[in-house]
Amino acid sequence: MTTPQTPSHLAAQLREQLHHHAHLYYVLDAPSVPDAEYDRLFKALQALEAAHPELLTPDSPTQRVGGQALDSFATVRHAMPMLSIRTETDTEASGAQAFDTRIRKELTLGDNDAAVEYVAELKFDGLAMSLRYEQGVLVQAATRGDGEVGEDVTHNIRTIGQIPLKLPASASGQGATAASLLDQALPVPAVLEVRGEVYMARADFEALNERQRSRIAAGEKGEKTFVNPRNAAAGAVRQLDPTIAAQRPLSFFAYGLGEVTASDQGGPNFTTHHELLMALKAWGFPVAVQTRVVHGAAGLVDFHQRIGQARDALPFDIDGVVYKVNRLAAQRQLGFVTREPRWAVAHKYPAQEQLTTVQAIEIQVGRTGKLTPVAKLAPVFVGGVTVTNATLHNEDEARRKDVRVGDTVVVRRAGDVIPEVVSVVLDKRWPDAQIFTMQHHCPVCHSPAVREEGEADYRCTGGLFCSAQRKQAILHFAHRRAVEIEDLGDKLVEQLVDAGVVKALPDIYRLGLTALVALDRMAEKSANKVLASIEKSKQTTLPRFVFGLGIRHVGEATAKELVRHFGKLDAIMDATVDQLLQVPDVGPIVAQSIRTFFDQAHNREVVEQLRACGLTWTEGEALAGASLPLTGQTYVLTGTLPTLSRDQAKDMLEALGAKVAGSVSKKTHGVVAGAEAGSKLDKARELGIPVWDEAALLAWVADQQR
């Protein structure tokens, strides 16, 4: 008979399981249980602690976000100063060579002596942090401050999933390549201060700013976007309210130790810095996988170059690399100078932020009609390239940053990211600098530009006419779910538009063999194939044609509903907003978008020219208020049908009023199954849903059309 567990034992067991799963998820990126199971364990521990408050401990996973907001930060005097590392400003290979030359000289090594062994690490662009553990439990987290005194930010650091709240009593370093020390169990010291960097990953930063922009657009007060990941991370760490900090995704890398006091079991006797890093990893801290042990100047130069090439692909920002003499005895021999270690140096990369001046602000029109204000800059070398343009994103961002012509601005470029104006240096602003005003007409085709409710961007309404949108309009029109011009691909459209052969959609249907074979890499056989697919596309359907026009917010389903409701193209083109609102799934924004599109004379002219070029389709009577055989029913397609493509079968069902879904549920009315149908077919049979094959579908459709 099993003895029931006491609440104390159960709480300890739940905490241990949650710590284990959190480490797998946040540090190793290898979760072993689904989120739902973690949530179940977490809620069980919450309930247990609520019923038995005496069981609540500081290291409990339930305490990652909790407590009241602070009025101010307490100060923390570091037991061991958090020293800065000297920076090598020479961003070329010679910077690494100079460091190795100095180290060899100070260690009195001759030409015949072995190369110095170094640990090469990343220089994270974040916020330095010291984590203090006592008896394996996180008791304090402090910022660097002035190196001697920092701020107590424990309440916010607890929200970072990668930082363990409690360390294992001991951890095995087996499998590490560092040294024999790590082939043994590593007891956690009584006092362990872990030094590292709090940062925000680029993807998390972009997602955070996107949420901020949405809040600003919704009119929420006090919201702002963040300049860069480092500022966002620093702002999150210095929040007085931990619940706000928890909403801003932070990460952590460990790279060193502060104070260490051995426990009763003793403590690890490290001989190299790399051993120390592997011990941190064994204790559950994330250590950058890019860290390497290298030898001599050649190893340092190679590391600097390799990381420089990979820098833009990293998921987080760095501004350089760090070299450290690996052997701790050599570090002690080298010592410090002016409170900087002689045995380490930070080797920078070219800056990703620079100052320059705004010479003009122009409006660029994107492929989809989006109007973007762009600052024209005095040329500046930033992020490895010369930058002359920087995006201001949209009217709200331009006004929030208050960028004006003549301003001195901070420009940032990271990797392949489009350069952007980060902020204005107000002290250098001219008194007569003019406030930016967004124009409400497209600068390319002069069509009206509209900003829909809830949107941040203005968009040109001349989609079929505007030359800036020409390539996108053609590709959309030729898409397989639109009019479908099978052999008109991206590269050919680029050539046709860039050569000035196609200036509008109707020009596609005026193409001849001579114009096509004149293009690069276009033989006569290929040209004839393109012309054949263009000719074939003239026989289309009205829903495909309406969808192909690229009206904003009008997708396939909406195009079908419009045709079903009005029957004819002219009726759709002439419908009022009130009439459009009677179409299922068409709301005020979609109705106004349709009306705005057809109110442009040049859009109507393009439609008429396409008709004149021979595009035809079958039109029917308006079906407003009528009911089709499958109206209100949902069908699912699965497997490969003998003769029909998935799109053809979908069109058949939708023409009869059905909606075609991607998954089977109790609300599904029927399933059309072909060869190799899998789980969807199994679920349909399990739920007793009717199943048709292709022959049954075709017979039923033919019967309905009689």
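**Exercise 1. Describe the open sheet formed by S24, S23, S25 and S26.**

Step 1. Read the order. The 4 strands of this open sheet run S24-S23-S25-S26, and their pairing is parallel. Strands and helices are DSSP runs, of at least two residues (E) for strands and at least four (H or I) for helices, numbered from the N terminus. Two strands pair if DSSP finds at least two bridges between them.

Step 2. Find the edges. Strand S24 (659–661) and strand S26 (691–692) each have a single partner strand, so one side of each has no neighbour in the sheet.

Step 3. Look at one pairing. Strand S25 (residues 670–673) runs parallel to S26, and 2 bridges join them. Val 671 has Val 691 in S26 as its bridge partner.

Step 4. Add the helix. Helix H23 (residues 679–687) lies across strand S23 (634–638), S25 and S26, at about 135 degrees to S23. Axes are lines fitted to C-alpha atoms, for helices over the stretch in contact; angles run from 0 to 180 degrees between N-to-C directions. Contact means heavy atoms within 4.5 Å.

A note on the model: it is predicted, local features need pLDDT of at least 70, side-chain atom pairs count only at pLDDT 80 or more, and totals for chains, interfaces and linings use all residues. Residues are numbered from 1 along each chain as its sequence is written, and side-chain values use heavy atoms, with hydrogens and water left out.

**Exercise 2. Work out the sheet with mixed pairing and what packs on it.**

Step 1. The order is S2-S15-S12-S3-S11, an open sheet of 5 strands. Strand S2 (87–88) and strand S11 (292–295) are the edge strands, each pairing on one side only.

Step 2. Strand S3 (residues 117–124) and S11 run antiparallel, joined by 4 bridges. Glu 117 stands opposite His 295 in S11.

Step 3. Helix H3 (residues 94–106) packs on the sheet. H3 touches S2, S3, strand S12 (318–325) and strand S15 (344–348), and its direction makes about 170 degrees with that of S15. Helix H8 (residues 273–282) lies across S3, S11 and S12, at about 50 degrees to S3.

**Exercise 3. Check the span of H3 and find its buried residues.**

Step 1. The expected span is 1.5 Å times one less than the number of residues. H3 has 13 residues, so it should span 18 Å; its end C-alpha atoms are 18 Å apart, which agrees.

Step 2. Gly 95, Ala 96, Phe 99, Asp 100, Ile 103 and Arg 104 are buried in H3. Buried means under 20% relative accessible area, exposed over 50%, and partly exposed in between (1.4 Å probe, protein chains only).

Step 3. Their cover includes S2, S3, helix H9 (296–310), S12, helix H10 (328–334) and S15. Just after H3, Thr 108 has a positive phi of about 55 degrees.

**Exercise 4. Trace the salt bridges of Glu 397 and Asp 651.**

Step 1. Apply the rule: a side-chain nitrogen of Lys or Arg within 4 Å of a carboxyl oxygen of Asp or Glu. The whole structure holds 45 salt bridges.

Step 2. Glu 397 meets Arg 400 at 3.1 Å, N to O. They sit 3 residues apart in helix H11 (residues 395–401), about one helical turn. Residues three or four places apart on an α-helix point the same way because there are 3.6 residues a turn. Glu 397 is buried at 4%, while Arg 400 is partly exposed at 35%.

Step 3. Glu 397 also bridges to Lys 401, with the closest N and O atoms 3.9 Å apart.

Step 4. Asp 651 meets Arg 544 at 3.7 Å, N to O. This pair links distant parts of the chain: Asp 651 is in helix H22 (residues 646–655) and Arg 544 in helix H16 (residues 542–548), 107 residues apart. Shared partners join Arg 480, Arg 481, Arg 544, Glu 556, Lys 560, Asp 647 and Asp 651 into one network.

**Exercise 5. Classify the ring pairs made by Phe 253.**

Step 1. Rings of Phe, Tyr and Trp (its six-membered ring) pair if their centres lie within 6.5 Å; planes under 30 degrees apart are stacked, over 60 edge-to-face, and the rest tilted. The structure has 15 aromatic pairs.

Step 2. Phe 124 and Phe 253 have ring centres 4.8 Å apart and planes at 20 degrees, so they are stacked. Phe 124 lies in strand S3 and Phe 253 in strand S10 (residues 251–261), so the pair ties together parts 129 residues apart in sequence.

Step 3. Phe 253 and Phe 316 have centres 5.3 Å apart and planes at 70 degrees, so this pair is edge-to-face. Both are buried.

Step 4. Phe 124, Tyr 199, Phe 253 and Phe 316 form one aromatic cluster.
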